[in-house]
Amino acid sequence: GTTHETVAAGDVTDDAMMIVENLHATATVEIGGDATGSFVSWVTIPPGYPPAVIPVASSLASTYLKSDTASTPVRVTLVKIVAPA
């Protein structure tokens with residue numbers, strides 16, 4: 001919807017990346033955080049643009065998405081980063 005909603009990244013304690021894709025044809029999606037009840041935008045993904053990649057750590061586990069259109073389809077992929085063996 002047009003209010004921000006939390007994206008549950010789980011108990012992320014290792015380094016990871018979150019890939020967010022806007023799948024809507026006309027709506028804009030924003031990625032951000034919550035500062036005392038107010039949404040603070042970090043990244044804006046217009047329709048048709050490539051996915052945004054943001055770092056995820058335990059300090060960023062409360063990531064929020066916001067859209068200018070209700071029921072905007074968004075794909076979120078969490079990629080854990082590990083050292084090569």
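This passage describes a three-stranded sheet and the nonpolar core to which it contributes. The model is predicted, so local features require pLDDT of at least 70 and side-chain atom pairs pLDDT 80 or more, while totals for chains, interfaces and linings use all residues. Residues are numbered from 1 along each chain as its sequence is written, and side-chain values rest on heavy atoms, without hydrogens and water.

An open, antiparallel sheet is formed by three strands in the order S5-S2-S7. Strands are DSSP runs (E, at least two residues) numbered from the N terminus, and two of them pair if DSSP finds at least two bridges between them. Strands S5 (52-56) and S7 (74-80) each have a single partner strand and stand at the edges, so one side of each lacks a neighbour in the sheet. Antiparallel pairing joins S2 (residues 16-22) to S5 over five bridges. Within this pairing, Met18 lies opposite Ile54, and Met17 has Pro55 as its bridge partner.

In a regular strand the side chains alternate between the two faces of the sheet. Along S5, Ala52, Ile54 and Val56 point to one face and are buried (under 20% relative accessible area, 1.4 Å probe, protein chains only). Val53 and Pro55 point to the other face and are not buried.

The largest nonpolar core, a set of buried Ala, Val, Leu, Ile, Met, Phe, Trp, Tyr and Cys residues joined through side-chain atoms within 4.5 Å, has 10 residues, including Met18, Ala52, Ile54 and Val56. At least two residues of this core come from each of S2, S3 (29-35) and S5.

Methods
Helix = DSSP H or I, 4+ residues; strand = E, 2+ residues; numbered from the N terminus. Buried < 20%, exposed > 50% of the residue type's maximum accessible area, 1.4 Å probe, protein only.
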